[in-house]
Amino acid sequence: MTNGTATTDLDVALEKHRVELTGYCYRMLGSSFEAEDAVQDTLVRAWRSYDKFEGRSSLRSWLYRIATNVCLDMLTAGSKRARPVDLTDSTPLARAALSPRPDSTWLEPMPDARVLPTTDDPAQAAVAKESVRLAFMAALQQLPPKQRAVLILREVLAWKASEVADLLGTTVASVNSALQRARATLAEQQDKGADAAVSDPLDEQQQKLLERYVAAFEGYDMTALTALLHEDAVMTMPPFDLWLTGHQDITGFMTTLGAACAGSRLLPVQVNGLPGFAQYKPDPEAGGFTPWSIQVLEISDGRLTGFHFFLDTQRWFPLFGLPLHLEAETDKVEEGV
């Protein structure tokens, strides 16, 4: 009985750290599913070796040490997940071709609830959200793995240099040097792709912009959509490496290669610290609506600067807890939830 109670207590203690560890591993790996695998591996390792835990650090610090080692092992292949804008030049609509790349190429979307722990500190919450946005995540992927760990632990999680040095088995001077190099690399990356200036929570102007976007997209009204787009707006569609820039090419694509999206329904989701939508397009065979993409929107200066369509619906919709079919008569009810 005592052993059973102790086991249950340990399970509960470890589980309390799942969300923040998933956020850490996601920032390290750039993959939703690899992050969840890494956390599961971390918790299993901790459970199996708990009798060796001497309590010289907190349980949380010990778990981060294990998670860091798991992630560093996974990153030894040197792969860097990316967005389409990081890999190719923008393609004019006239040359648009849908060429997929392997799943392992792409930075993956992640539901906020899986990586952002609840906190009463607005500043801490804002930093956490900013640090999972697509542009920041893409910049992180440009860092060597240990620099990545140092930057996340110091800048996002606000660990002291001495704590990071202890976790990594190195010196404070080495940690400070790695942080300086990481900051310099991130500064160079800031020009690549629009960052998002999104309030938390959304301010009234941003909320109205999203309402207008839903009306324009569901109505497939290209004039209304054009009015919402920044002149340099970007649209991406992983797993395809194609990306488009400017409202003419974007709306031109949507009315040609993307014409089957007319009549879609959008359900709001919270993704990567940004507003987003689950897009269902009409299902001519079964009726109702079938999943098509998870959309992640970037907003700046009252306009949409980026919208990113993640198309692997069989992976993304279950991750977000979304149904794989919407009935025609219930879709409007679902939208009002």
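## Helix 2 against helix 3

Contact here means heavy atoms within 4.5 Å of each other. On that footing, helix 2 brings R18, L21, T22, C25, Y26 and L29 up to helix 3, where they meet S32, E34, A35, E36, A38, V39, Q40 and L43. Keep in mind that this is a predicted model.

Sorted by class, the residues of this contact come out as 8 nonpolar, 3 polar and 3 charged. The axes of helix 2 and helix 3 (residues 32-48) are 8 Å apart, and the packing angle is about 130°. An angle of about 130° lies in none of the ranges for roughly parallel (under 35 degrees), roughly perpendicular (65 to 115) or roughly antiparallel (over 145), so helix 2 counts as oblique to helix 3. The crossing itself is right-handed.

## Helix 2 against helix 4

Helix 2 (residues 18-29) also packs on helix 4 (residues 59-74), with the axes 10 Å apart and an angle of about 30° between them. Because angles under 35 degrees count as roughly parallel, that label goes to helix 2 and helix 4. Helix 2 passes helix 4 in a right-handed crossing.

Who touches whom? On the helix 2 side, the contact uses E20, L21, Y24, C25, M28 and L29. Helix 4 answers with R60, L63, Y64, A67, T68, C71, L72 and M74. The split by class is 11 nonpolar, 1 polar and 2 charged residues. L21, C25 and L29 are worth a look on screen: they take part in the contact with helix 4, and they turn up in the contact with helix 3 too.

## Helix 9 and helix 10

Further along the chain, helix 9 (residues 145-156) and helix 10 (residues 161-168) have axes that come within 10 Å and cross at roughly 145°. This crossing is right-handed. From helix 9, V150, L153 and R154 meet A161, V164, L167 and L168 of helix 10. These contact residues divide into 6 nonpolar, no polar and 1 charged.

## Two backbone spots to check

Which peptide bond is cis? The bond joining P238 and P239 is, with omega at about 20°. P239 sits in the loop between strand 1 (229-237) and strand 2 (240-245).

The other spot is Y220, a residue other than glycine with a positive phi, near 50°. You'll find Y220 in the loop that runs between helix 12 (204-218) and helix 13 (222-228).

## The second largest cavity

How many cavities of 30 Å³ or more does the structure hold? There are 2, and the second largest has a volume of about 90 Å³.

Its lining draws on several stretches of the chain: D103, W106, L107, E108 and P109, then P238 and P239, and finally F310, L311, D312, R315 and W316. So both partners of the cis bond are among the residues lining this cavity. By class, the lining has 8 nonpolar, no polar and 4 charged residues. The charged ones are D103, E108, D312 and R315.

Terms used. Residues numbered from 1 in each chain as written. Predicted model: local features only at pLDDT ≥ 70, side-chain atom pairs only at ≥ 80, totals over all residues. Heavy atoms only, no water. 1 Å grid on protein atoms, 1.4 Å probe; cavity = no way out; pocket = protein on both sides within 12 Å on 5 of 7 lines; lining within 4 Å. Points joined across faces, edges and corners; volume = space filled by probe spheres on them. Axes fitted to C-alpha atoms, helices over the stretch in contact; angles between N-to-C directions. Helix = DSSP H or I, 4+ residues; strand = E, 2+ residues; numbered from the N terminus. Left-handed = near helix turned anticlockwise from the far one by under 90°.
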